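Biologist: I would like to learn how to read features such as pockets from a model. Can we go through an example?

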Amino acid sequence: MNQKGTAAPQTLHEAAGLDDRRAVEMYKYMLLARKFDERCHLLQRAGKINFHVSGIGQETAQVAAAFALNTEKDYFLPYYRDYGFMLAVGMTPRELMLSAFAKAEDPNSGGRQMPGHFGSKRLRVLTGSSPVTTQVPHAVGAALAARMRGEEAVSFVTFGEGSSNQGDFHEGANFAGVQKLPVIMMCENNQYAISVPIAKQLAGKVSDRALGYGFPGLRVDGNDALEMFRAVREARERGVRGEGPTLIEAMMYRLSPHSTSDNDLAYRTKEEVDANWKKDGIPRYKQYLIEEGLWSEEQEEVYLKEVAQELKEATEYADQAAYPRAEDTLLHVYAGDDDGQGGNN
């Protein structure tokens, strides 16, 4: 209350549904994701890990979406750039680093898959496969199962704008629309399908495609943390009310090359990339928190030291961890004995 006894006006984060603590935590995860990504790039260049697919430029939307969901009830089907999302729903830097190093302790695949192929029963993350966007029909199936079990849950799936042209997306969207399933489809539109710019991928908007399947589609500024949080929160509320799916097209820009095997300056200019760095959502959200008195440069300096130490320890642990054993190749591939070790039959 102010001196006149009326309620004080809400801040933008309070209006979106975030209290002060969670608003700051959301920023911390964005920063952690950025630093994790930068560390993996350096490790690949040093020959410590073989391959890395970066999500730099997409962390704002990923983390904001995770904060808007219910990590104890919902089901998640992220795609291979979603390091920010995975950190925010509970996977640790050590666990992600074990995956980057392809070690046996990797909780995603036991070191058998490329990095970025996430999966965790503990975190309600359904394992994805390498063909892009095959996770959309799986997300729709998870939403159907949740409804059949009477759960107050949604299924949340992400993918890129390039793969939204594939049949898996359209088949999943059609079934979800017909059945009015509680699924949120978030397209992380980063402007490039590897080397193909958006002008050569799409004749219109990804979000407009939802209209053909009978549910709402909206385009959101993926660099605006609070706008992203609100959009996903409202889509979740709509889903659990039984009103069906929502398609969210989060507009952003891939600030890094497609992967550590890619030379992005072969198909886009340095000037274009530099111009988009100025739109990066992380410093934008940081400035908002500073203006609201929730964050300071001194706090950031302390936090960055904590992050650096955590990533150092995660890297050292993963580097020393054991690789998968050859004799365990078929573990979890075939149904086997009662001990769950699998078999060769």
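Biologist: In which helix is alanine 275 found?

Modeller: This is a predicted model, in which local features need pLDDT of at least 70 and side-chain atom pairs count only at pLDDT 80 or more, while totals for chains, interfaces and linings use all residues. Residues are numbered from 1 along each chain as its sequence is written, and side-chain values use heavy atoms, with hydrogens and water left out. Helices are DSSP runs (H or I, at least four residues), numbered from the N terminus. Alanine 275 lies in helix H9, residues 270-277.

Biologist: Why does alanine 275 count as partly exposed?

Modeller: Partly exposed is the class between buried (under 20% relative accessible area) and exposed (over 50%), with a 1.4 Å probe and protein chains only. Alanine 275 is in that class because its relative accessibility is 37%.

Biologist: How is empty space found, and what volume has the largest pocket?

Modeller: Rolling a probe the size of a water molecule over the atoms shows where empty space is left. A pocket is an open set of points on a 1 Å grid over the protein atoms alone, where a 1.4 Å probe fits, with protein on both sides within 12 Å along at least five of seven lines; lining residues have an atom within 4 Å of a point. Volume is the space filled by probe spheres set on the points. The largest pocket holds about 350 Å³. Its lining has 26 residues, and Tyr79, Tyr80, Val132, Gly160 and Ser163 are the closest to its centre.

Biologist: Which helices each supply at least two lining residues of the second largest pocket?

Modeller: Helix H2 (20-45) and helix H3 (59-68) do. The volume of this second largest pocket is about 200 Å³, and its lining includes Arg22, Phe67 and Glu72.
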